[in-house]
Amino acid sequence: MSRLTGAGEQRGAEVIDEHGDTVPLPVIPSAGDAEEPIDHLAEPYADDPQQRPPFAPILKKVALGVAVCLVAGAGYAGLQHIANAPADPNAGGTHPPSQSSPTTPDQAQAGVQRAVAGQAVLQKMTDAVENEDRTEFLNTVDPKATVFRASARTIFSNLSALPLGTFQLRYVSDDSAALTPDRQAELGGTQSWLAQVEVSWQLSGYDVKPARETLPVTFVTRDGTTYAASFSERFVAGQRKPVWALGPIDLAKGKHSLVISLDSESEARSYVSVADKAVESVTKVWGKGWRQKVVVYLPAKQAQMEGVLGAQPNTYTQIAAVTMAELDTPAVGAPVRIVANPKLFEELGKQGRRIVLTHETTHVASTATASPVPLWLAEGFADYVAFTAVPVQDESAAKELFKAVRAGKVPATLPTPEAFAASATELPQAYESAWLACRLIAEREGQDKLVKFYRAVHASKSSTGLADAFKSVLGMTEAEFVAEWQKYLERLAGA
């Protein structure tokens with residue numbers, strides 16, 4: 001029996017620096033781009049944005065055996081642009097907003113010409129990827145951009161290795177003044193500029209909708225021809241980087257999983273069986289009504305993990321794994337990835353990695369990144385599934401909570417969203433409480449009723465969804481459940 005001690009989590013969000021220096025231009029659609037509009041998560045809360053559930057990274061501290069590591073319960077990075085600023089209920093699309101400034105007709109015309117030239121380059125790149133034409137892909141790269149040319153070779157190899165169902169690059173906006181005079185002099189040519197480009201790709205067999213991110217692409221025109229000169233200039237805070245642009249990747253496919261490693265093929269293969277078992281464990285509890293597929297990213301360096309998540313340096317130094325939706329705007333069906341911290345994930349050991357991947361996979365199956373379920377239910381349920389797959393001792397898994405209960409500090413309510421904040425003084429108790437609340441439901445009503453309860457809250461479009469589910473599924477009010485749960489905690493703690 002594996003021991004899990006010091007359990008606790010925290011939730012936070014990255015602040016994205018909106019591209020205030022860009023000038024919006026007419027969108028130049030790529031050929032055949034007739035995808036249906038994204039179904040936004042905010043739809044059930046359109047009338048009252050304040051009722052929207054908070055979506056942000058959830059971080060979890062786990063100690064297995066003698067190792068003490070932090071792991072992510074369900075990182076919702078990639079679905080939320082702000083930490084403390086109010087959400088804009090009218091915001092749409094997947095691109096960073098731009099701050100427009102007055103332009104003259106000549107400037108507007110120049111902008112359109114840049115957009116047309118840039119999109120032509122991007123379309124050639126897209127066609128080359130689709131046709132698996134490496135030479136044509138490299139022909140779009142500035143001959144004088146030697147560093148980027150080497151990166152472009154790697155990018156093309158990576159894209160060729162991925163099971164791509166779709167791949168598109170679309171010019172969104174630019175700023176002719178974003179490049180410094182020194183950088184423009186270095187590039188040379190008749191003109192050079194920085195553009196924001198939407199990149200979308202779909203992994204066949206894994207994604208319902210394409211992943212979407214925004215890349216800063218530098219263009220240069222020389223001798224009458226426009227080229228791409230960089231995919232990495234002026235990334236801003238919160239701007240994520242595609243895994244295939246961070247270095248050579250290796251893939252390993254399992255029955256239920258796709259593991260993409262920036263380290264080595266052997267590293268990718270070593271996680272396939274663990275990921276497959278996680279999917280099977282989740283399916284035993286949740287049921288077969290989901291895709292039963294997971295995609296796991298294994299960065300080789302901490303910086304690569306931060307790049308994928310759009311995080312500031314050292315943000316995830318003590319976090320073993322984060323689940324994120326790889327989309328800039330909240331949407332049902334967004335591709336979800338489990339991103340591992342290379343050092344800490346390895347230190348968890350075999351059983352620890354299985355617990356973490358099972359927890360994360362539970363969030364994938366239950367679409368936690370696009371759900372109105374309260375945090376205590378989302379996290380408690382994920383821990384319930386993980387600890388069912390790899391049993392843990394109560395005394396170890398609920399150490400901090402039992403200590404508080406024995407001291408007469410029995411929780412008065414189920415954990416609130418504030419209890420999961422990074423600054424919360426009783427963070428471990430919040431997650432331990434959530435887990436035992438879900439386990440109580442399973443013990444009292446059966447595991448199927450726990451799943452039914454979760455599904456009922458998840459499917460509700462009412463602000464009283466939780467209360468309704470307590471009554472209709474469990475046959476009691478939340479207050480009655482809390483009273484029973486308090487007695488359950490006292491009994492388990494021996495208080």
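These are my notebook entries on a sheet, three helix contacts and one aromatic pair in a predicted model.

**Entry 1. The sheet**

I began with the strand order. Five strands make up an open sheet, and they run β9-β10-β11-β13-β12 with mixed pairing. I then looked up the edges. They are β9, at 250–253, and β12, at 321–325, and each of them pairs on one side only. From one strand to the next, the twist averages 20°.

I followed the β9 edge inwards. β9 runs antiparallel to β10 (residues 257–261), and four bridges join the two. The connection between β9 and β10 is a hairpin of three residues. To fix the register I picked one position: Ala-252 stands opposite Val-259 of β10.

I did the same from the β12 edge. Its neighbour is β13 (residues 336–340), joined to β12 by five bridges, and the two strands are antiparallel. Here I noted Val-322, whose bridge partner in β13 is Val-339.

**Entry 2. α8 against α9**

Next I looked up how helix α8 (residues 349–365) sits on helix α9 (residues 375–389). Their axes are 8 Å apart and the packing angle is about 135°. I therefore logged α8 and α9 as oblique to each other. The crossing of the two is right-handed.

I listed the residues on each side. α8 contributes Arg-354, Ile-355, Thr-358, His-359, Thr-362 and His-363. On the α9 side are Ala-378, Glu-379, Phe-381, Ala-382, Asp-383, Val-385, Ala-386, Phe-387 and Ala-389. Sorted by class, the contact of α8 with α9 holds eight nonpolar, four polar and three charged residues.

**Entry 3. An aromatic pair from α9**

Phe-387 was already on my list for the α8 contact, and I met this residue again when I turned to aromatic rings. The search of the whole structure gives 13 aromatic pairs. In one of them, the ring centres of Phe-387 and Trp-435 are 5.0 Å apart with the planes at 85°, so I entered the pair as edge-to-face. Phe-387 belongs to helix α9 and Trp-435 to helix α12 (residues 427–445), so the pair ties together parts 48 residues apart in sequence.

**Entry 4. α11 against α12**

Since α12 had come up, I looked up its contact with helix α11 (residues 399–406). The axes of α11 and α12 come within 7 Å, crossing at roughly 95°. That puts α11 roughly perpendicular to α12.

From α11 I wrote down Lys-399, Glu-400, Leu-401, Phe-402 and Ala-404. From α12 I wrote down Pro-428, Gln-429, Glu-432, Ser-433 and Leu-436. The contact of α11 with α12 comes to five nonpolar, two polar and three charged residues.

**Entry 5. α5 against α13**

I finished with helix α5 (residues 265–286) and helix α13 (residues 447–459), whose axes come within 9 Å and cross at roughly 90°. α5 and α13 are therefore roughly perpendicular to each other.

Lys-284, Val-285 and Trp-286 make the contact on the α5 side. Gln-447, Val-451, Tyr-454 and Arg-455 make it on the α13 side. I counted this contact of α5 with α13 by class as well, and found four nonpolar, one polar and two charged residues.

Note on methods: Residues are numbered from 1 along each chain as its sequence is written. This is a predicted model: local features need pLDDT of at least 70, side-chain atom pairs count only at pLDDT 80 or more; totals for chains, interfaces and linings use all residues. Side-chain values use heavy atoms; hydrogens and water are left out. Axes are lines fitted to C-alpha atoms, for helices over the stretch in contact, and angles run from 0 to 180 degrees between N-to-C directions. Angles under 35 degrees count as roughly parallel, over 145 as roughly antiparallel, 65 to 115 as roughly perpendicular and the rest as oblique. A crossing is left-handed if the near helix is turned anticlockwise from the far one by less than a right angle, and right-handed if clockwise. Contact means heavy atoms within 4.5 Å. Ala, Val, Leu, Ile, Met, Phe, Trp, Tyr, Cys and Pro count as nonpolar, Asp, Glu, Lys and Arg as charged, and the others, Gly among them, as polar. Two strands pair if DSSP finds at least two bridges between them. Rings of Phe, Tyr and Trp (its six-membered ring) pair if their centres lie within 6.5 Å; planes under 30 degrees apart count as stacked, over 60 as edge-to-face and the rest as tilted.
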